[in-house]
Amino acid sequence: MKTLKSDIFYAMNEINDKYILEAAQCLEQKKESDISSQKKIKLFNESNAHSRKWLARVVTVMAVSIILFTTGGIANAATGGKLVQWINGLFFGIAKPSTSDEITTSYLRGTFSIDYSDLNAVVGDADYVFVGTVASEEGTVYKDAVTVETDDGKTREVSSPYTNYTVNVTKNIKGNLVTDTAIPIQKSGGLSEDGSQYFVYEGDELPVVGNEYIFFAYAQPDGSLLISGPVSNMSVSDNTSDIAPFSDSTEYSDIVDAYNNQVDSGRTRFTSSYEAK
């Protein structure tokens with residue numbers, strides 16, 4: 001009888017241990033499930049926050065595109081109002097969303113009154129075409145502000161970026177700008193006012209200090225020079241390589257040939273204050 005009671009006691013202990021173990025396993029699984037759910041909620045919230053941030057960037061691209069193509073802004077100022085006819089596409093090649101804080105670049109696309117793939121037309125439309133080395137970058141100014149609505153229902157102002165540079169003219173191809181001192185130019189495009197992204201035309205690039213480019217400039221009514229459009233500066237050398245002079249480059253030869261065969265767009269023209277006397 002003692003043996004039977006002992007066996008029953010041990011059996012009950014084994015059953016209790018089994019239930020305790022199963023209960024502990026259930027609690028552990030619940031804990032892991034709760035942790036997993038918290039991680040999913042965190043990732044969901046982070047994803048939503050990033051999506052809102054990306055949507056805000058898209059809204060900014062839309063606003064800057066509208067400024068560039070539908071107001072008396074960058075492109076119209078460059079070409080006396082004839083350059084831009086309508087918006088063909090809002091933007092192209094906009095950088096994909098990233099979880100990092102890197103600054104992205106948004107490329108703007110439009111339909112123009114000249115064919116920018118035809119260098120004869122590009123040279124013919126510009127007032128001045130010259131080779132120059134970027135001496136300095138003088139900061140960015142913001143113009144043509146418009147009010148836009150963000151994804152959270154609030155409103156804010158978005159402006160077009162214009163980057164200021166000084167350039168030493170090395171060689172005049174079209175026009176006659178001074179070569180004995182650095183002259184200021186203003187480039188359409190640059191860093192957005194909130195510092196989140198760069199705006200440039202598709203096929204264009206922002207000049208780098210120390211590098212040499214062929215510039216296509218438009219004289220403004222006040223005598224200043226605006227560099228604007230999908231082909232507004234063309235790199236011929238950089239400050240990190242030891243290469244042949246610009247005059248030996250294919251780009252320079254192509255532009256000189258285009259100058260000799262230029263097609264005048266017939267737009268209203270002005271004279272730069274930096275014409276050589």
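Rings of Phe, Tyr and Trp, the last represented by its six-membered ring, are taken to pair if their centres lie within 6.5 Å. By this criterion, the structure, which is a predicted model, holds 4 aromatic pairs. One of these is formed by F112 and Y116, whose rings are 5.2 Å apart centre to centre with 75 degrees between the planes, an edge-to-face arrangement. Both partners, F112 and Y116, are buried. In the case of Y213 and F215, the ring centres are 5.7 Å apart and the planes stand at 55 degrees, so this pair is tilted; Y213 is buried, as is F215. Ring pairs also link F112, Y116 and Y201 into a cluster.

With regard to the overall architecture, the protein chain contains 4 helices and 12 strands. Of its 277 residues, 39% are buried, and the accessible surface of the chain comes to about 15100 Å², with 52% of that area belonging to carbon and sulfur atoms. Among contacts between residues at least 6 apart in sequence, 70% join residues at least 24 apart.

The nonpolar interior was examined next. The largest nonpolar core has 23 residues, and those with the most contacts inside it are Y116, V129, I173, I214, F216 and I255. At least two residues of this core are supplied by each of α3, β5, β9 (197-201), β10 (212-219), β12 (233-237) and α4. For I173, the contacts beyond its neighbours within four places in sequence are with V129, F130, V131, I214, Y252, I255 and Y259. A second core, separate from the largest one, comprises 18 residues and includes V134, Y165, V178 and I185.

Y252, one of the residues in contact with I173, is found in helix α4. With a relative accessible area of 13%, Y252 falls under the 20% limit and is therefore buried. When neighbours within four places in sequence are left aside, Y252 is in contact with V131, K171, I173, I214, F246 and S247. The C-alpha atoms of Y252 and Y213 are 9.5 Å apart in space, the two residues being 39 apart in sequence.

Charged side chains were considered separately, and the structure holds 6 salt bridges. In one of them, the side chains of R267 and D125 meet at 3.6 Å, N to O. This pair links distant parts of the chain, since R267 belongs to the segment after α4 (250-260) and D125 to helix α3 (residues 119-125), with their positions 142 residues apart in sequence. Both residues of the pair count as buried, R267 at 7% relative accessibility and D125 at 2%. R267 also forms a salt bridge with D127, in which the closest N and O atoms are 2.7 Å apart. Because D127 lies in the loop between α3 and β5 (128-149) and R267 in the segment after α4, this pair ties together parts that are 140 residues apart in sequence. D127 itself counts as buried, at 9% relative accessibility.

A further salt bridge joins R269 to D127, with 2.8 Å between the closest N and O atoms. Here R269 lies in the segment after α4 and D127 in the loop between α3 and β5, so the pair ties together parts that are 142 residues apart in sequence. R269 is partly exposed, with a relative accessible area of 30%, whereas D127 is buried. The residues D125, D127, D264, R267 and R269 are linked in a network of salt bridges.

Polar side-chain interactions were also found around Q186, which is placed in strand β7 (residues 183-188). At 16% relative accessibility, Q186 lies under the 20% limit and so counts as buried. The side chain of Q186 makes a polar contact of 2.9 Å with the side chain of K143, and another polar contact, of 2.8 Å, joins the side chains of Q186 and N164. Not counting residues up to four places away in sequence, Q186 touches V141, K143, Y162, T163, N164, L225, L226 and I227.

Definitions and conventions: Residues are numbered from 1 along each chain as its sequence is written. This is a predicted model: local features need pLDDT of at least 70, side-chain atom pairs count only at pLDDT 80 or more; totals for chains, interfaces and linings use all residues. Side-chain values use heavy atoms; hydrogens and water are left out. Buried means under 20% relative accessible area, exposed over 50%, partly exposed in between (1.4 Å probe, protein chains only). Contact means heavy atoms within 4.5 Å. Accessible areas come from the Shrake-Rupley method with a 1.4 Å probe; for residues, only the protein chains shown count as cover. A salt bridge is a side-chain nitrogen of Lys or Arg within 4 Å of a carboxyl oxygen of Asp or Glu. A nonpolar core is a set of buried Ala, Val, Leu, Ile, Met, Phe, Trp, Tyr and Cys residues joined through side-chain atoms within 4.5 Å. A polar contact is a pair of N or O atoms within 3.5 Å; within protein, one must be able to donate a hydrogen and the other to accept it, and residues adjacent in sequence count only if both atoms are side-chain atoms. Rings of Phe, Tyr and Trp (its six-membered ring) pair if their centres lie within 6.5 Å; planes under 30 degrees apart count as stacked, over 60 as edge-to-face and the rest as tilted.
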